[in-house]
Amino acid sequence: MDGIVASASSEIQGAGAGTQPRPAPPCTFVVFGGGGDLTKRLLVPAIYNLACAGLLDDGFSIVAVDWAELSSDILRAQFHDALQEFVARRGTSATVLRDDIWQWLHTRVTYLRGSFEEAETYDWLAQRVGGGNAVFYLAVAARFFGPIVDNLGTSGLTEEADGAYRRVIVEKPFGHDLKSARELNTRLLGTLRERQIYRIDHYLGKETVQNIMALRFSNGFFEPLWNRQNIDHVQITAAETVGVEKRGRFYEGTGALRDMVPNHLMQLLAMTAMEAPVSFDADAVRDEKSKVLKAIHSLMPEDVVRGQYTAGALAGAPVRGYRDEPDVAPESRTETYVAMKLNIDNWRWAGVPFYLRTGKRLAVRKTEIAIHFRHAPYALFRDTPVERLTPNIMIMHIQPTEGVTMQFGAKIPGPTVRLGGVRMKFDYSEWFSEGPSTGYETLIYDCMTGDATLFQRADNIEAGWRAVQPVLDWCDRPEEAPLCSYAAGSAGPVEADALLARDGRHWLGLTA
Ligand code: BG6
């Protein structure tokens with residue numbers, strides 16, 4: 001199936017260009033867990049990219065708070081190495097670290113060795129931050145979220161005086177289930193106002209996820225078709241080739257469902273299914289997301305498949321099964337794959353199933369949303385060699401490929417009426433030449449400028465957990481939540497195929 005490849009046109013691009021963003025106001029960016037992996041792999045590269053784009057003020061600085069025996073100099077050297085690795089790995093336009101930017105950045109990094117639970121740490125921070133703007137980024141294990149925010153509150157660091165802002169970014173996992181997410185919200189809201197809390201879901205930092213809204217609402221031809229009259233079903237896939245890596249202990253208590261569904265997959269679903277908000281105002285967008293998530297019909301056990309990978313092969317190399325991974329129990333019943341069928345009970349979507357699947361150690365790495373349209377009536381073709389019509393599918397590719405594919409039928413050249421499926425593809429990288437990004441740039445910049453649109457509000461988080469809570473309840477009763485197996489490197493358990501087959505449908509292939 002050869003595609004028609006869209007090509008860049010500066011004329012069209014120019015017509016859509018917006019105004020250039022301005023540097024964020026001065027800010028002390030305090031990272032709890034500042035010596036950790038997330039900070040080095042993602043936050044510091046994102047900050048570096050913001051600096052390259054001229055989006056940081058001269059009054060910007062980083063304070064990394066952590067337990068480890070480090071000094072500011074050692075941490076700066078670690079950041080430097082991490083940045084070099086990042087530009088070498090991800091670089092497109094520039095593959096070497098910009099010295100001018102590094103010189104600017106490194107003098108702005110300070111390390112504070114301290115406990116997250118002792119007043120001394122916060123006294124020091126209060127002195128350091130003074131009366132200025134501050135972002136507190138919680139890049140720490142979830143058990144510290146509550147204590148850190150309590151301490152920030154007690155030490156007065158969350159008070160916004162004289163126009164200065166104080167904001168807290170909370171990493172995932174936000175809660176372990178609906179009850180704990182509610183408790184955490186209540187605890188944070190005991191100290192902070194909702195507008196000070198930025199609950200992160202890194203999927204919302206991905207350009208292609210943000211593009212779902214742009215695509216749907218800035219074009220005249222999608223929205224009129226975007227409903228149960230025209231759409232047969234939707235498939236949302238987040239397939240990974242990686243296993244649990246060094247996170248066995250964390251993953252044992254989490255599993256694929258908690259790790260990916262109430263957050264990342266629900267965000268993809270909300271972006272795809274929400275009504276058009278009246279503006280890009282954070283609350284207008286988040287109101288619509290909440291509404292659609294709350295309209296998800298209560299899940300039934302037969303609509304869920306849980307799987308765990310056994311030994312298999314990926315890219316020709318053997319890989320071990322989940323139960324043989326480090327820090328995983330030999331009898332573990334933790335799922336590494338989950339597929340489910342959801343129904344959204346509202347006027348736009350009633351009767352249109354949304355099939356979701358996510359898993360580790362699958363055949364390919366691929367995140368995409370496929371909108372399957374209803375078949376056209378066949379009558380016209382009944383006296384021709386055409387046996388069936390090509391399904392119309394629109395695929396929004398989130399990663400690793402970024403773009404949109406439209407699949408439809410066309411006449412195969414020749415004297416008889418024969419149809420072939422063709423694909424028309426828009427590829428992000430062919431149209432736009434954006435620099436390397438981690439996905440955290442927008443999120444950090446938005447927080448510093450007070451735009452919470454891409455962050456989850458308390459009710460969004462709770463709506464995501466509410467949707468999956470019935471499955472979590474069954475998992476406490478193993479006989480009701482069977483665990484299937486699939487070989488590493490496959491497309492997932494056969495039971496997940498049966499979930500669609502019983503509705504006369506099938507998953508799109510898991511191929512690169
Ligand atoms: C994280 C999960 O939130 O998302 C990981 O904890 C998962 O298990 C990751 O691998 C996937 O993110 P991405 O951006 O690689 O799709």
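A residue counts as exposed when its relative accessible area is over 50%, and as buried when that area is under 20%. With that cut-off in hand, here are some exercises on this predicted model.

**Exercise 1. Classify Asp162 as buried or exposed, and describe its phi.**

Step 1: Asp162 sits in the loop between H6 and E6.
Step 2: Its relative accessible area is 83%, so Asp162 is exposed.
Step 3: Phi of Asp162 is near 50°, a positive value in a residue that is not glycine.
Step 4: Most residues other than glycine have a negative phi, so a positive value deserves a second look.
Step 5: Glu245 is another non-glycine residue with a positive phi, about 50°, and it belongs to the loop between strand E8 (231-239) and helix H9 (248-252).

**Exercise 2. Work out whether the span of helix H2 agrees with its number of residues, and find where H2 kinks.**

Step 1: H2 covers residues 37-52, which makes 16 residues.
Step 2: The expected span is 1.5 Å times one less than the number of residues, so H2 should reach 22 Å.
Step 3: The end C-alpha atoms of H2 are 22 Å apart, in agreement with that value.
Step 4: A kink of about 30° is found at Leu43, shortly before the proline Pro45.
Step 5: As 12 of the 16 residues are buried, H2 is largely enclosed by the rest of the structure; Leu43 and Pro45 are among the buried ones.
Step 6: Just after H2, Gly54 has a positive phi of about 70°.

**Exercise 3. Do the same for helix H10, then place Thr272 in it.**

Step 1: H10 has 19 residues and runs 26 Å from its first C-alpha to its last, close to the expected 27 Å.
Step 2: The bend in H10 is about 50° at Val261, with the proline Pro262 following within four residues.
Step 3: Since 19 of the 19 residues are buried, H10 is largely enclosed by the rest of the structure.
Step 4: Thr272 lies in H10 (residues 255-273) and is buried, at 0% relative accessibility.
Step 5: The Thr272 side chain comes to 2.6 Å from the backbone oxygen of Leu268.

**Exercise 4. Describe the shell of residues around the ligand and its polar contacts.**

Step 1: The residues around the ligand include Lys172, Tyr203, Arg247, Asp259 and Arg365.
Step 2: By class, the shell holds one nonpolar, three polar and seven charged residues.
Step 3: A side-chain N or O atom of Glu240 is 2.5 Å from a ligand oxygen, and the corresponding distance for His264 is 2.7 Å.
Step 4: Gln399 places a polar side-chain atom 2.5 Å from an oxygen atom of the ligand.
Step 5: Taken alone, the ligand exposes 400 Å², and the protein buries 80% of that.

**Exercise 5. Find the cis peptide bonds that involve Lys172 and Gln399, and say where their prolines lie.**

Step 1: Most peptide bonds are trans, so cis bonds are worth listing.
Step 2: The bond from Lys172 to Pro173 is cis, with omega near 5°; Pro173 is in the loop between strand E6 (166-170) and helix H7 (178-189).
Step 3: The bond from Gln399 to Pro400 is also cis, with omega near 0°; Pro400 is in the loop between strand E15 (393-399) and strand E16 (403-411).
Step 4: Link back to the ligand: Lys172 and Gln399 both belong to the residues around it.
Step 5: Pro173 and Ala141 are 32 residues apart along the chain, with their C-alpha atoms 8.5 Å apart; Ala141 is partly exposed, at 35% relative accessible area.

Conventions. Residues numbered from 1 in each chain as written. Heavy atoms only, no water. Helix = DSSP H or I, 4+ residues; strand = E, 2+ residues; numbered from the N terminus. Bend = angle between axes of the 7 residues up to and from the residue. Buried < 20%, exposed > 50% of the residue type's maximum accessible area, 1.4 Å probe, protein only. Near = heavy atom within 4 Å. Polar contact = N/O pair within 3.5 Å; in protein donor to acceptor, adjacent residues only side chain to side chain. Areas by Shrake-Rupley, 256 points an atom, 1.4 Å probe, with all protein chains shown as cover. Nonpolar A, V, L, I, M, F, W, Y, C, P; charged D, E, K, R; others polar.
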